[in-house]
Amino acid sequence: MAGDAKALVSQFLQAWQRERDHKIKICLFGQPGAGKSSLINELAGQRVARVSQDTDTTRQAQSVECPDVIYVDLPGYDTSLFPENAYFSAFNPLQYDLFLCVFAGKLHEADVEFFGKIARTGRVCLFVRNKCDGLYDPSCSLEELEEKITRDVHHLVGPREQVVFTSCRRNRPAAERGIPELERAMGALLPEAQRDRFFRHAKAYTEEALLVKRKAAERSLKKFMVLAAANGLNPVIGMDAALDSQILKSLYRAIREAFGVSEKEVQPEGPSSQVVKKLAEGVTGERVTKGLTWLLRKKASGKVAKVIPVVGGAAVMGFNAGSMYFLGEKYIDACWEYALERLQAEIQMGEP
Ligand SMILES: Nc1nc2c(ncn2[C@@H]2O[C@H](COP(=O)(O)OP(=O)(O)O)[C@@H](O)[C@H]2O)c(=O)[nH]1
Ligand SMILES: [Mg+2]
């Protein structure tokens, strides 16, 4: 039976991994120096893309892979600049879920041309006017300037395209530089099935965005449980503490990733029960709080309770699907609370 359970668990973990492997692909194009790499870093909330001081003359696409999203930064797609670049003549827009056309100053003719290539395939594109910190005209307001830019873009690519305004210059908090608006607009343009995944990935710069993350993490937990059931795990959870811990470990990891926190950051304090400690620490590397232990016990004494074998000679209460779900919810709470505190501190300190 333990062997069967082991096979089911590994089958489930493979299914979960396949689910994780299917990432959102976002392509950024625009003139070298427009700020594509800088925007990727703002969205990811960390330096994942190389920002260049000089005008970027690379011809290769730069790919940045995160747990939920792959960004592709397309420098030099301008065929008048790089006529020999075979990559772009063979470029297939269908592989991408979303395009961002990043520009600073005027929309370039090559941007319009490239957009045409994408639009013909029915792909969605968001226009991002970056470097807005440099937007200034003594004769009109910022709103009027933005309206004028939007009109110019509409004139070139059609009136239905959406334009958002950003700045990556970190002289002000991201929430005042259009980054949350960019994230919202991107999420709204993605197919529903991918939206949660994008919001799990995107760095939250506002409490509202953090709440969106929380909802996405909750739906992700449900998906995890459904996938577990679909792989025949439900009756098996609780058979073997080591296997349960393996499942719990991958669930915890997914939740942490949704909030952008590390295992070190959200590590509940010491467990009260040696047995639960063994179960939680010995195999998962995760730790369980006193409160959590108590809650878990309480939950396990209900009708869904199921006592499982023995760890180190002592009978322990095990996980059934119900307690697994419950632990997932508690961990979402813990990560969310921590992420909220961290965000409030960041806002107070005017970062990033
Ligand atoms: N002032 C200002 N500089 C920016 C902004 N975004 C990017 N930059 C700078 O512009 C340069 C090119 O940025 P990068 O992200 O590498 O552009 P890419 O070639 O489109 O990927 C770098 O020196 C960035 O620091 C912005 O919004 N405002
Ligand atoms: Mg770049």
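**Exercise 1.** In this predicted model, identify the polar contacts that C168, K131 and N130 make with ligand 1, and state how much of the ligand the protein covers.

*Solution.*
Step 1. Begin with C168: one of its backbone N or O atoms is 2.7 Å from an oxygen atom of ligand 1.
Step 2. For K131, a backbone N or O atom is likewise involved, at 3.2 Å from an oxygen atom of the ligand.
Step 3. N130 contributes a polar side-chain atom, placed 3.1 Å from a nitrogen atom of ligand 1.
Step 4. On its own, ligand 1 has 580 Å² of accessible area, of which the protein covers 83%.

**Exercise 2.** Describe the shell of residues around ligand 1 by class and by structural element.

*Solution.*
Step 1. The shell consists of 18 residues, and the closest are G33, K36, S38, D133 and C168.
Step 2. Sorted by class, nine are polar, five charged and four nonpolar.
Step 3. Helix α2 supplies the largest share of this shell, with three residues.

**Exercise 3.** Determine which protein atoms act as donors to the magnesium ion, ligand 2, and whether S37 is buried or exposed.

*Solution.*
Step 1. The protein donors are OG of S37 and OD of D73, at 2.1 to 2.4 Å from the ion.
Step 2. S37 belongs to helix α2 (residues 36–44) and D73 to strand β3 (residues 69–74), so the two donors tie together parts 36 residues apart in sequence.
Step 3. Buried means under 20% relative accessible area. S37, at 9% relative accessibility, is therefore buried; D73 also counts as buried, at 3%.

How values were computed: Residues are numbered from 1 along each chain as its sequence is written. Chains are lettered from A and ligands numbered from 1 in the order in which they are written. This is a predicted model: local features need pLDDT of at least 70, side-chain atom pairs count only at pLDDT 80 or more; totals for chains, interfaces and linings use all residues. Side-chain values use heavy atoms; hydrogens and water are left out. Donors are N, O and S atoms within 2.8 Å of the metal (3.2 Å for Na, K and Ca); water is not among the atoms, so sites may look incomplete. Helices (H or I, at least four residues) and strands (E, at least two) are DSSP runs, numbered from the N terminus. Buried means under 20% relative accessible area, exposed over 50%, partly exposed in between (1.4 Å probe, protein chains only). A residue is near a molecule or strand if one of its heavy atoms lies within 4 Å of it. A polar contact is a pair of N or O atoms within 3.5 Å; within protein, one must be able to donate a hydrogen and the other to accept it, and residues adjacent in sequence count only if both atoms are side-chain atoms. Accessible areas come from the Shrake-Rupley method with a 1.4 Å probe; for residues, only the protein chains shown count as cover. Ala, Val, Leu, Ile, Met, Phe, Trp, Tyr, Cys and Pro count as nonpolar, Asp, Glu, Lys and Arg as charged, and the others, Gly among them, as polar.
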